[in-house]
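Let us walk through the ligand site and the enclosed empty spaces of the structure shown here.

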Amino acid sequence: MTTPTLYEWAGGHEALRRLTEVFYDQVLEDPILAPVFAHMSENHREHVAIWLGEVFRGHSRYTDELGGYPAMLSHHLGLGLTEEQRSRWAALIARSADPDLALSGLVDLADAVRENLDDLARLNVHDYAVPISFAGNAILLERFLRHFAGYIDKLHGATTPVTGSFDINLIEREPYGVVGVITPWNGSLVVSGSCVAPALAAGNAVVLKPSEVAPLAALRFGELCMDVGLPAGLVNVVPAGPEGGDALVRHPGIRKIHFTGGDATARKVLQSAAANLTPVVTELGGKSANIIFGDADLDAAAMLSAHQGPLMQSGQSCACASRVLVHESVHDAFVEKFVAVIQASTIGDPLDPQVVCGPVISQGAADRILAVIEQAVTQRSGELIVGGKRLGGELAQGYYIEPTVFIGVDNASALAQTETFGPVVSVIKFSDEAEAVRVANDTNYGLNAFVQTTNLSRAHRVARQLEAGSVWINTFSDISPQGPYGGCKQSGFGRTGGLEGLHEFLQVKNIRIGMR
Ligand code: TXE
């Protein structure tokens with residue numbers, strides 16, 4: 001099969017082909033983008049054409065004329081998957097006959113990520129405005145690749161006895177085939193790593209669909225996969241919007257979906273996946289409680305709560321500790337230290353290494369967050385003591401929202417119950433351990449929970465009562481390849497990381513050999 005030209009990929013659309021060419025002319029003159037796009041192969045130009053097509057479709061009056069565009073995407077998907085992907089997958093399975101080769105492939109990819117950490121960090125900044133001081137999360141991608149590479153030659157099954165017979169009863173785990181990974185705009189590399197690495201280690205091929213808001217780092221990752229010589233088609237980065245995501249979920253060639261994003265989208269994904277009964281893992285939002293007990297180290301707790309709360313990614317993280325539950329005996333002392341850390345933090349240009357808090361992702365997000373704040377003030381959900389406004393002055397051009405703190409918050413209020421996905425936290429006072437646990441669990445979400453205490457027995461006791469997939473005691477939500485990460489309740493189901501994360505990309509087969 002001949003590789004379609006850019007014009008063909010543009011669905012024969014002159015304007016889109018021209019847009020892509022103009023895009024390239026501009027990009028190759030840009031000091032930041034040129035290094036990223038200059039040595040992009042024809043194959044990647046297709047992806048950029050598709051990505052531009054999505055932008056084009058959204059902004060142009062050609063929508064009707066381009067009506068068949070999603071079809072082009074599923075054509076793109078269908079074509080590769082049916083003929084080439086399967087053969088490449090089959091090649092990979094054959095390769096797994098030589099685990100050393102597959103293992104070295106993932107290790108080479110981890111090395112390539114290591115060599116391009118600065119590049120990937122800068123693309124993270126361009127993707128979702130995460131401060132460069134925090135954009136180095138591509139190192140997690142590298143760690144996931146190294147960790148799961150180690151599993152490639154250790155994917156073993158089991159045998160079990162069969163009552164009253166000498167039959168051999170084998171339990172084997174096999175790859176699904178081709179899996180789809182859909183990532184959100186915040187932390188696309190971390191989510192990519194936590195899904196793509198175990199999927200490959202398990203012997204699957206992957207179609208990775210980054211968010212249309214933040215495709216750059218994922219595209220670069222796709223390129224690194226090509227650069228290290230992974231079989232073409234093993235990792236396919238398809239930047240597209242909701243339609244593209246839906247096309248991926250509905251595609252009969254996709255045997256498993258890993259979705260990370262909001263719960264509203266997750267419901268659509270599950271509905272679409274029902275068509276082919278495609279199994280889905282969902283990693284969704286949170287409204288995590290951060291419990292500060294009276295015996296906690298308040299200076300450490302204030303620092304952690306500020307960064308795990310409104311500062312890290314401007315609160316745009318599923319792991320944002322957005323409900324701070326403080327024991328009445330230390331409430332005022334803690335709030336004073338907490339506010340001091342927030343007010344001492346540098347807010348500004350995410351490319352400035354001194355900056356710890358950058359803008360939010362879009363005008364829409366800024367408007368939504370300001371509306372949440374205004375509603376909380378109007379409904380007296382709590383007392384606004386810090387922030388609450390959009391920043392002006394030299395930051396007026398950007399979507400900067402002040403880190404915002406409400407105290408005396410009613411946990412039943414929308415402020416405390418709805419994921420804001422912005423730099424807004426609620427402080428809630430409690431009087432005893434049972435009340436803290438009750439309030440912490442009084443949410444639809446269950447992704448993370450945080451506990452600050454110097455009492456180890458209490459830490460263990462409380463951790464077991466908290467309804468959350470991960471509980472962090474006196475530490476940040478330091479996601480690692482070794483630990484299974486994921487939610488309960490409306491924060492989703494399934495896990496990434498650890499053996500649990502690997503098993504998400506393997507299906508179990510029972511083989512019984514009759515011994516007569
Ligand atoms: O999500 P969206 P966003 C959560 C976070 C917040 C949300 C923010 O808590 O709620 O994600 O991310 C694609 N069929 N997490 O705004 O809008 C879309 O193109 C198929 C949790 O990006 O749900 C994008 O690629 N796909 C998390 C992706 O879905 C569709 C870590 C997510 O988009 C689609 C980070 C459709 N119909 C954020 N519509 C965790 N728990 O680890 C959109 N998409």
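A cavity, as the word is used here, is a set of points on a 1 Å grid over the protein atoms alone where a 1.4 Å probe fits but cannot get out, and its lining residues have an atom within 4 Å of a point. The model is a predicted one, in which local features need pLDDT of at least 70 and side-chain atom pairs count only at pLDDT 80 or more, while totals for chains, interfaces and linings use all residues. Residues are numbered from 1 along each chain as its sequence is written, and side-chain values use heavy atoms, with hydrogens and water left out.

We begin with the ligand. A residue is near the ligand if one of its heavy atoms lies within 4 Å of it, and of the 28 residues around the ligand, T183, E212, T265, L284 and E419 come nearest. By class, this shell holds 12 nonpolar, 10 polar and 6 charged residues, where Gly is counted as polar. At least three residues of the shell come from each of domain 1 (6-283) and domain 2 (289-480), with bounds taken from an automatic or database domain assignment.

Polar contacts, meaning pairs of N or O atoms within 3.5 Å, can be followed at individual residues. A polar side-chain atom of E212 lies 2.6 Å from an oxygen atom of the ligand, an N or O atom in the side chain of W185 is 3.0 Å from a ligand oxygen, and a polar backbone atom of D246 is 3.5 Å from a ligand nitrogen. Taken alone, the ligand exposes 840 Å², of which the protein buries 88%, as computed by the Shrake-Rupley method with a 1.4 Å probe.

We turn next to the cavities, of which 4 have a volume of 30 Å³ or more, a volume being the space filled by probe spheres set on the grid points. The largest cavity has a volume of about 80 Å³, and among its 15 lining residues R323, A440, T443, N448 and E467 are the closest to its centre. Its lining divides into 7 nonpolar, 5 polar and 3 charged residues. The second largest cavity has a volume of about 60 Å³, and its lining includes G286, K287, C318, E419 and F421.

Conventions
A polar contact is a pair of N or O atoms within 3.5 Å; within protein, one must be able to donate a hydrogen and the other to accept it, and residues adjacent in sequence count only if both atoms are side-chain atoms. On a 1 Å grid over the protein atoms alone, a cavity is a set of points where a 1.4 Å probe fits but cannot get out, and a pocket is an open set with protein on both sides within 12 Å along at least five of seven lines; lining residues have an atom within 4 Å of a point.
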